[in-house]
Amino acid sequence: MPLTDLTLAECLALRPDLDEPADLDTFWHQTLRTARAAGGTPRFTPVDTGLTQVTTYDVTVPGFAGEPVRGWLHLPAGAGGPLGCVVEFLGYGRGRGLPHEQVLWANAGYAHFIMDTRGQGWSTAGGDTPDTASLSGDVPGFLTRGVDAPHHHYYRRVFTDAVRFTEAARAHPAVDPDRTVVTGVSQGGGICLAVAGLVPGLAGVMPDVPFLCDIRRGATIAGAPPYTEIAEYLRLHRDRAEAVFTTLSYVDAALLAARATAPSLFSIAMMDEICPPSTCFAAYHRYGGPKDLRVYEFNGHEGGGGHHRREQLAWLKQLFSRPLPPDRSALLTPHASRPV
């Protein structure tokens, strides 16, 4: 697989000038305030998976407009006291799958919340959360769903779901809200960067080969879907490019990542045709908090795979062993929201 984007040296020097909407903070403040006002209570129903060392719950959380968002909660069996927690968001097309499939973080001793992604679940794992918006003239996929206006866009709903899901995780009695991190691969990485910018007081952020970063560049250079959905849409709607990219700027994770403050561990793959490395580096360079990076020079979108899980396990263990700074205490509440 050849290098199809900038070199590593060029990516490390990259400082892209992204177009940020003047009302980006107001847009998200109003969106999240409306979602919280819709009310609703998270539900946790025990599930018998046949596993003896992990206890699993079927989760339903009120998300965008109070709509139910499904997920799983895995806990180490017999664990006592509030646990460090990993909240995970999923890759493009993947749903939450079966309850026994993803138990790494619980086996490592952490609470593990997995959020289903609305409208997805047609690729490597099934999903159970519908997207309620009507469709009109979209390219199959999600990047152009509701692209006519920021308030209609699909990822406005998904990012809101993810914020509400993270808040529900931090409020759970088994979870230490001061020791909660968010993570995800590809689409999940982009979602976790958005959450990092919208939810203060997180302990850490672990985005892998993140999607939804510097979306305009992704649409221009990516050699494989999903970014190619945008080019396909604009191939027909030649006069809508600026309107489309204005809408997408409201859900660009590289812009939201600049508002994050939690320590982060990124992974980026230099031969990635799906999420070109220059787009991932756009988010890394703009990220607002402390940051660490693992680069996989000879890998595509699979990134670091099991090697990077090992890196994450070590990084998270070290992160949770550190004392919290004293000025963090005022931020660390289960339902905290960023003032804008």
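Q: Hey, which loop does alanine 65 lie in?
A: In this predicted model, alanine 65 lies in the loop between strand 2 and strand 3, the latter spanning residues 68-76.

Q: And what's its phi?
A: Alanine 65 has a positive phi of about 55°, although it is not a glycine.

Q: Any odd peptide bonds to look at? Which residues does the cis one join?
A: The cis peptide bond joins proline 225 and proline 226, with omega at about 10°. Proline 226 lies in the loop between helix 6 (215-221) and helix 7 (228-236).

Q: OK, on to the sheet. What's the strand order?
A: The order is 1-2-3-5-4-6-7-8-9, in an open sheet of nine strands with mixed pairing.

Q: Remind me, what does "mixed" play on? How do strands of a sheet pair in general?
A: Through backbone hydrogen bonds, either parallel or antiparallel.

Q: Which strands are at the edges here?
A: Strand 1 (43-47) and strand 9 (291-296) are the edge strands, and each pairs on one side only. From one strand to the next, the twist averages 20°.

Q: How many bridges join strand 1 to strand 2?
A: Five bridges join them, and the two strands run antiparallel, with strand 2 covering residues 54-62. Across that pairing, proline 46 stands opposite tyrosine 57 in strand 2.

Q: What about helices? Which strands does helix 5 lie across?
A: Helix 5 (residues 187-198) lies across strand 4 (83-89), strand 6 (175-185), strand 7 (204-208) and strand 8 (264-269). Helix 5 runs at about 140° to strand 6.

Q: And helix 11?
A: Helix 11 (residues 305-321) lies across strand 4, strand 6, strand 7, strand 8 and strand 9. Its direction is at about 170° to strand 7.

Q: Switching to empty space: how many cavities of 30 Å³ or more are there?
A: The count comes to two cavities of 30 Å³ or more. The second largest cavity holds about 40 Å³ of space.

Q: Which residues line that second largest cavity, closest to its centre?
A: Of the 10 lining residues, the closest to the centre are Ala196, Val199, Pro200, Thr261 and Ala262. By class, the lining has six nonpolar, two polar and two charged residues.

Q: Last topic, aromatics. How many pairs turn up?
A: A search of the whole structure finds 17 aromatic pairs.

Q: Take tyrosine 155 and phenylalanine 159. Why is that pair tilted?
A: Their ring planes are at 45°, so the pair counts as tilted, and the ring centres are 5.9 Å apart. Both residues lie in helix 4 (residues 154-171), four residues apart, about one turn of the helix.

Technical notes:
Residues numbered from 1 in each chain as written. Predicted model: local features only at pLDDT ≥ 70, side-chain atom pairs only at ≥ 80, totals over all residues. Heavy atoms only, no water. Pairing = 2+ DSSP bridges. Axes fitted to C-alpha atoms, helices over the stretch in contact; angles between N-to-C directions. Contact = heavy atoms within 4.5 Å. 1 Å grid on protein atoms, 1.4 Å probe; cavity = no way out; pocket = protein on both sides within 12 Å on 5 of 7 lines; lining within 4 Å. Points joined across faces, edges and corners; volume = space filled by probe spheres on them. Nonpolar A, V, L, I, M, F, W, Y, C, P; charged D, E, K, R; others polar. Phe/Tyr/Trp six-rings, centres within 6.5 Å; stacked < 30°, edge-to-face > 60°.
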